[in-house]
Amino acid sequence: MAQLTMGGAGAASTIDINPDDMTHIANELLAIAKEFEETIKPEIKKLKDNKYLTKGQAKKSMDKVPKANERVMELEDQYNMAASVVFDVLQTMIDADQEIAEKIIAALEI
């Protein structure tokens, strides 16, 4: 368990961070990023390239698909930002404690 003591405009407090939990979160975020790269992006590209509906009443509904695809890809950006924060925390933990660093490196298999 890593601890960070913080002081502020009131009293000091301690935050306990479990490196096992952080590496689990990091691995999950990496899996999600891989899913976006290998599955979601190619399928969205296929949808963008598909011009099967050019006329009729359903065309108006299909005009919303590009916006929906953009929103899905915004999720990728959010997951990447979350991963960046988690990896910053892990790097801070690695820099602060060699024993924790070894556990993190082993858990991330790097």
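## Helix 4: one face in, one face out

Let's start with helix 4, which spans residues 98-108 and has Ile 100, Ala 101, Ile 104 and Leu 108 as its buried residues. Look down the axis of helix 4 and these buried residues fall within an arc of 105°, so they line one face of the helix. Over on the other side of helix 4 you'll find Gln 98, Glu 99, Glu 102 and Ala 106, which are exposed. Keep in mind that all of this comes from a predicted model.

The ends of helix 4 are worth a look too. At the N-terminal end, Asp 97 acts as the cap, with a side-chain oxygen 2.9 Å from the backbone nitrogen of Glu 99. After helix 4 comes Glu 109, which has a positive phi, near 55°.

## The wider layout

Zooming out, the protein has four helices and two strands. Going along the sequence, the pattern reads β-β-α-α-α-α. Of the 110 residues in the protein, 17% are buried.

## How helix 1 and helix 4 sit together

Two packed helices are described by the angle between their axes and the distance between the axes. For helix 1 and helix 4, the axes come within 10 Å and cross at roughly 30°. Angles under 35 degrees count as roughly parallel, and helix 1 and helix 4 are therefore roughly parallel to each other. As for handedness, the crossing of helix 1 and helix 4 is right-handed.

## Salt bridges along helix 1

Side chains of opposite charge can pair when their charged atoms come close. In this structure there are six salt bridges. One of them joins Glu 37 to Lys 41, with 2.9 Å between the closest N and O atoms. Both Glu 37 and Lys 41 belong to helix 1 (residues 19-49) and sit four residues apart, about one turn of the helix. How exposed are they? Glu 37 counts as partly exposed because its relative accessibility is 43%, and Lys 41 is also partly exposed, at 33%. The pair doesn't stand alone, either: Glu 37, Lys 41 and Glu 76 are linked in a network of salt bridges.

Helix 1 also holds Lys 46 and Glu 43, which are three residues apart, about one turn of the helix. Their side chains meet in a salt bridge, at 3.2 Å from N to O. Lys 46 has a relative accessibility of 52%, so this residue counts as exposed, whereas Glu 43, at 41%, counts as partly exposed. As for the spacing, an α-helix has 3.6 residues a turn, so residues three or four places apart point the same way.

## Back to helix 4: the Glu 99 pair

Which residue does Glu 99 form a salt bridge with? The partner is Lys 103, and the closest N and O atoms are 3.9 Å apart. Glu 99 and Lys 103 are four residues apart in helix 4, so about one helical turn separates them.

Glu 99 has a relative accessible area of 52% and is exposed. Lys 103, with 45% relative accessibility, counts as partly exposed. Glu 99 thus turns up in two roles here: its backbone nitrogen lies 2.9 Å from a side-chain oxygen of the capping residue Asp 97, while its side chain takes part in the salt bridge with Lys 103.

How values were computed. Residues numbered from 1 in each chain as written. Predicted model: local features only at pLDDT ≥ 70, side-chain atom pairs only at ≥ 80, totals over all residues. Heavy atoms only, no water. Buried < 20%, exposed > 50% of the residue type's maximum accessible area, 1.4 Å probe, protein only. Arc of directions from axis to C-beta. Polar contact = N/O pair within 3.5 Å; in protein donor to acceptor, adjacent residues only side chain to side chain. Salt bridge = Lys/Arg side-chain N within 4 Å of Asp/Glu carboxyl O. Axes fitted to C-alpha atoms, helices over the stretch in contact; angles between N-to-C directions. Parallel < 35°, antiparallel > 145°, perpendicular 65-115°, else oblique. Left-handed = near helix turned anticlockwise from the far one by under 90°.
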